[in-house]
Amino acid sequence: MTNKLFFTFEGPEGAGKTTVLKLVVNKLQEEGRKVVATREPGGSVIAEEIRQVILNPAHTEMDPKTEALLYAAARSQHFVEKIEPALKQGKVVLCDRFIDSSLAYQGIGRGLGIAGVKSINQFAIGDRMPDMTILFDLNPEIGLARINEHKDREVNRLDVESLTFHERVRDAYLKLAEEFPERIQVIDASQPLEVVFQDVWKVLKNAL
Ligand code: TYD
């Protein structure tokens, strides 16, 4: 069996995935592994420009389908330009959000349906799914309270959605985890950061 290389970190706002991702990168580098850490939407020059359009809080009139297509467009560019080449070179790729964000936020949160969002994403990236996805599961009430404490964080168009929207997103993630238990590992992100990190590290070490 080939080793897993392509890892994605998913979950709601305020679940700590970005912080844990940085800790994991450090630890992997200490072990001498070649690691590429990246994020979505963004991760390459063009995709970061698309990010500005999608997340601009002033763009309140953006249609949900436009939003889903822009995430998929950014993903396509990011994938061919950065993720695929890194995987071909045998590097470990850690990506902060990927296709499951689109399935959960646009497919269920925005109500576009999983099938449609999946199909535009297949057009964008083909069948290349992450080898493993770590889902930081957290009650959105806790997540939103956490991000409100961090006033220096950029507030985007999705952060300001209702609690009901974020609850739908959480349920969608958990359903995806049930559907793909061999790919998606659920971590309890309500625990202290150090414990969350240890849980993630255990899962990753087993997979690498
Ligand atoms: P970001 O500031 O990176 O948030 P976070 O720290 O929570 O990851 O903003 C990304 C936002 O975009 C976040 O609210 C989730 C949303 N998103 C989607 O709705 N669909 C997607 O496909 C992706 C990648 C992100």
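Modeller: A molecule sits in a pocket if more than half of its atoms lie within 2 Å of the pocket's grid points. The structure above is a predicted model, and the space taken by its ligand is the largest pocket.

Biologist: What makes a space in the protein a pocket and not a cavity?

Modeller: A pocket is an open set of grid points, whereas in a cavity the probe fits but cannot get out. The space that the ligand takes is classed as a pocket, so by this definition the space is open. The volume of this largest pocket is about 850 Å³.

Biologist: Which residues and helices line the largest pocket?

Modeller: The lining comprises 34 residues, and Gly14, Lys17, Thr18, Asp96 and Arg153 lie nearest the centre. At least two lining residues come from each of the helices H1 (17-30), H2, H3, H4, H6 (140-149) and H8 (193-207). H4 gives the largest share, four residues. By class, 13 lining residues are nonpolar, ten are polar and eleven are charged.

Biologist: What makes a residue part of the shell around the ligand, and how many residues belong to that shell?

Modeller: A residue counts if one of its heavy atoms lies within 4 Å of the ligand. There are 16 such residues, with Glu13, Lys17, Arg97, Ser102 and Gln106 the closest. Seven residues of the shell are charged, five nonpolar and four polar.

Biologist: Why is the approach of arginine 97 to the ligand called a polar contact?

Modeller: The cut-off for a pair of N or O atoms is 3.5 Å. A polar side-chain atom of arginine 97 is 2.7 Å from a ligand oxygen atom, so the pair qualifies. Tyrosine 71 also has a polar side-chain atom 2.9 Å from a ligand oxygen, and for an N or O atom in the side chain of arginine 75 the distance is 2.9 Å. Of the 540 Å² of accessible area that the ligand has on its own, the protein covers 94%. Helices H2 (45-55), H3 (64-88) and H4 (99-109) each give two or more residues to the shell, and the largest share, four residues, is from H4.

Biologist: What makes the backbone at arginine 97 and proline 41 worth noting?

Modeller: Most residues other than glycine have a negative phi, and most peptide bonds are trans. Arginine 97 has a positive phi, near 75°, and is placed in the loop between strand E3 (92-96) and H4. The peptide bond from glutamate 40 to proline 41 is cis, with omega near -10°. Proline 41 is in the loop between strand E2 (35-39) and H2.

Conventions: Residues numbered from 1 in each chain as written. Predicted model: local features only at pLDDT ≥ 70, side-chain atom pairs only at ≥ 80, totals over all residues. Heavy atoms only, no water. Polar contact = N/O pair within 3.5 Å; in protein donor to acceptor, adjacent residues only side chain to side chain. Areas by Shrake-Rupley, 256 points an atom, 1.4 Å probe, with all protein chains shown as cover. 1 Å grid on protein atoms, 1.4 Å probe; cavity = no way out; pocket = protein on both sides within 12 Å on 5 of 7 lines; lining within 4 Å. Nonpolar A, V, L, I, M, F, W, Y, C, P; charged D, E, K, R; others polar. Points joined across faces, edges and corners; volume = space filled by probe spheres on them.
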